[in-house]
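Me: I would like a close look at one part of this model, the ligand site. Please keep to what the coordinates show.

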Amino acid sequence: MNLADLNKVAQAMVVPGKGILAADESSGTITKRFDAIGVTSTEDSRRDYREMLFRSTDAMTHYISGVILYDETIWQNAKDGTPLIKLIEQAGAIPGIKVDEGTQPLPACPGELVTVGLDRLAERLKKYYERGARFAKWRAVIDINAGGIPSMTAVGVNAHALGRYAALCQAAQIVPIVEPEVLMDGDHDIDRCLEVTTRVLNVTFQELRKQRVALEGMILKPNMAISGKKCAKQASVQEVADKTVRMLKACVPAAVPGIAFLSGGQSDEEATAHLDAMNRIGNLPWKLTFSYGRALQAAPQKAWAGKAENVAAGQRALNHRARMNSLASRGEWQADLEKKAA
Ligand code: 5MM
């Protein structure tokens with residue numbers, strides 16, 4: 001492992017003013033997104049959609065540091081035969097790859113999940129590196145509910161898998177994005193989310209250390225401390241920012257170059273406002289940026305709606321959201337910028 005090179009890639013992923021486009025929806029998830037806009041999900045329509053995103057020149061060159069791809073996409077070519085991964089590289093962004101293989105029910109823990117995909121991961125990473133991927137992503141999913149969920153078993157096995165994945169990535173000269181996602185479904189309040197996320201982050205970093213993962217060569221992709229979607233009392237933007245930053249300072253070593261949040265079902269504007277408020281706090285030991293899927297893509301999907309004549313509109317929508325989040329990653333976003341561009 002060449003740690004200096006891993007650190008260089010990790011730093012580039014969180015370079016000031018840029019963040020990550022999570023375009024790694026599995027075929028099942030992208031089909032759900034396409035269903036919502038009335039588009040049939042086929043290999044070609046998924047290719048056309050992603051080609052539109054990666055050819056969004058403004059977003060890709062100015063605001064996006066890297067793109068997380070799904071296995072199908074990393075091997076696909078654009079309509080003119082150019083590999084999609086080349087479009088990303090030509091824009092000056094770094095290609096990455098989702099390497100987990102989704103979740104399965106966790107035995108003896110009803111209602112809980114474990115992320116799978118460690119078998120033959122070393123061989124897969126080698127192929128992805130040869131294709132051009134320089135970072136990877138693995139997402140663990142932790143639910144919160146009143147019936148004793150999450151259990152320590154679920155938190156422990158998912159953290160262990162994240163550690164195994166991260167160590168394998170670094171051995172393959174690939175920067176691991178470590179994503180332990182505590183879901184915001186449910187009616188729990190922000191303090192319960194804070195308590196569970198703190199536990200999850202602490203156990204995850206214990207595993208990363210145990211498995212000798214070099215913290216300088218990784219990126220953390222956590223959820224924010226936030227109220228459950230069905231909670232009657234929704235925390236304010238400032239409360240989310242203050243509690244999330246306090247939690248991260250307590251759990252995430254300064255050796256980690258950057259933290260790139262998931263959006264987790266927040267609205268586009270909420271995800272931007274929260275990131276902005278956190279960066280306004282200042283004096284943080286790591287870069288704080290975005291690695292959003294839905295909060296970057298909902299608007300372009302709607303504008304595109306599967307029609308070739310809407311490609312420019314889809315790209316404008318992505319450019320706008322990417323620019324808003326770029327400003328937020330510097331703590332320079334303002335709500336009225338949203339209205340001006342609408
Ligand atoms: C883009 O969605 C990713 C893939 O999801 P599936 O494995 O369910 O298809 C997902 O891992 C995503 O990268 C993160 O959860 C962040 O996305 P959001 O939409 O929460 O910002």
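How far is an oxygen atom of the ligand from an N or O atom in the side chain of S26? Please go on from there to the rest of the site.

Reply: The model is predicted. The distance asked about is 2.7 Å, between a ligand oxygen and an N or O atom of the S26 side chain. S26 is also listed among the closest residues to the ligand, together with T29, K137, S263 and R294. In total, 17 residues surround the ligand.

Two further polar contacts can be described. The side chain of E179 has an N or O atom 3.1 Å from an oxygen atom of the ligand. At G264 the partner is a polar backbone atom, and the distance to a ligand oxygen is 2.8 Å. On its own the ligand has 500 Å² of accessible area, of which the protein covers 90%.

As for location, the ligand sits in the largest pocket. Two elements give two or more residues each to the shell around the ligand: strand 6 (135–142) and strand 7 (175–182). By residue class, the shell holds nine charged, five polar and three nonpolar residues.

Strands 6 and 7 both belong to a closed barrel of eight strands, which runs 1-2-3-6-7-8-9-10 with parallel pairing. Strand 7 runs parallel to strand 8 (residues 219–220), and two bridges join them. Within this part of the barrel, V178 stands opposite L220 of strand 8.

Key. Residues are numbered from 1 along each chain as its sequence is written. This is a predicted model: local features need pLDDT of at least 70, side-chain atom pairs count only at pLDDT 80 or more; totals for chains, interfaces and linings use all residues. Side-chain values use heavy atoms; hydrogens and water are left out. A residue is near a molecule or strand if one of its heavy atoms lies within 4 Å of it. A polar contact is a pair of N or O atoms within 3.5 Å; within protein, one must be able to donate a hydrogen and the other to accept it, and residues adjacent in sequence count only if both atoms are side-chain atoms. Accessible areas come from the Shrake-Rupley method with a 1.4 Å probe; for residues, only the protein chains shown count as cover. On a 1 Å grid over the protein atoms alone, a cavity is a set of points where a 1.4 Å probe fits but cannot get out, and a pocket is an open set with protein on both sides within 12 Å along at least five of seven lines; lining residues have an atom within 4 Å of a point. A molecule sits in a cavity or pocket if more than half of its atoms lie within 2 Å of its grid points. Helices (H or I, at least four residues) and strands (E, at least two) are DSSP runs, numbered from the N terminus. Ala, Val, Leu, Ile, Met, Phe, Trp, Tyr, Cys and Pro count as nonpolar, Asp, Glu, Lys and Arg as charged, and the others, Gly among them, as polar. Two strands pair if DSSP finds at least two bridges between them.
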